[in-house]
Amino acid sequence: MKIAVRYYTRGGNTQKLAYAISEAVGVEAKTTAEPLEEDVDVLFIGCSPYAFDVDDNVKKFIEGINVSVGRAVSFGTASVIKTTRKYIEKLLQAKNIPLADEEFICRGSFALLHRGRPNADDCRAAAEFALNIVKEQN
Ligand SMILES: Cc1cc2nc3c(=O)[nH]c(=O)nc-3n(C[C@H](O)[C@H](O)[C@H](O)COP(=O)(O)O)c2cc1C
């Protein structure tokens, strides 16, 4: 099975999850600056909200996908919200890429909020989440 991991981070929080997922599934985590180069069965896409939306770099990455993607699975960190799916769902739909209902999201530090998050437990949980997705797919 072909898997890709892409993420966007400003402060490093989402990158921590991306690295944990990458180690779990055995695929290098790359930023959204690196387009997909081959068809994949599962695309783990990591993004976090900034003022109630994802960064334009994430949108550009999705809009630029020109390979086949079996399904996308989102993960991310946030200080308040509990999902980022809604910010990327339509863009993926426009590319005929299904977005999994399952999502991994945990608290991410922001100013004085959630110091130290994501922590080691969050990273372990993200890794477990990714492994379950991969198992499901097989
Ligand atoms: C400019 C800015 C705007 C943010 N807006 C939101 C928001 O609308 N909702 C929310 O839950 N978190 C918000 N956050 C918190 C970030 O999503 C959180 O810190 C996240 O972990 C950042 O991930 P990163 O370190 O990978 O960039 C915001 C953070 C920043 C810096």
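Trainee: How many helices and strands does the protein have, and what pattern do they follow along the sequence?

Mentor: This is a predicted model, and it has four helices and five strands. Read from the start of the sequence, they run β-α-β-β-α-β-α-β-α. The radius of gyration is 14 Å, close to the 14 Å from the globule rule for 138 residues, so the protein is as compact as a globular protein of that length.

Trainee: What box do the C-alpha atoms fill?

Mentor: Along the principal axes, the box is roughly 40 × 30 × 25 Å.

Trainee: What share of the contacts in the protein joins residues 24 or more positions apart?

Mentor: Take the contacts with a separation of 6 or more: 76% of them are between residues at least 24 positions apart. As for burial, 41% of the 138 residues are buried.

Trainee: Let's try one residue. Is P49 buried or exposed?

Mentor: Burial here is a neighbour count, and the cut-off for buried is 20 or more other C-beta atoms within 10 Å. P49 has 20 such neighbours, so it counts as buried. P49 sits in the loop between β3 (40–46) and α2 (56–63). Leaving out residues up to four places away in sequence, P49 touches V54, A78, I81, T84 and Y87.

Trainee: And the ligand? Which residues are closest to it?

Mentor: G11, N13, T14, G108 and F110 are the closest of the 19 residues around the ligand. Two elements, α1 (13–25) and β4 (69–78), give two or more residues to that shell.

Trainee: How does the shell divide into nonpolar, polar and charged residues?

Mentor: Eight are nonpolar, ten polar and one charged.

How values were computed:
Residues are numbered from 1 along each chain as its sequence is written. This is a predicted model: local features need pLDDT of at least 70, side-chain atom pairs count only at pLDDT 80 or more; totals for chains, interfaces and linings use all residues. A residue is near a molecule or strand if its C-beta atom, placed from the backbone, lies within 6 Å of it. Ala, Val, Leu, Ile, Met, Phe, Trp, Tyr, Cys and Pro count as nonpolar, Asp, Glu, Lys and Arg as charged, and the others, Gly among them, as polar. The radius of gyration is taken over C-alpha atoms; the globule rule is 2.2 Å times the number of residues to the power 0.38. A residue is buried if 20 or more other C-beta atoms lie within 10 Å of its own, exposed if 12 or fewer, and partly exposed in between; C-beta atoms are placed from the backbone. Two residues are in contact if their C-beta atoms, placed from the backbone, lie within 7 Å.
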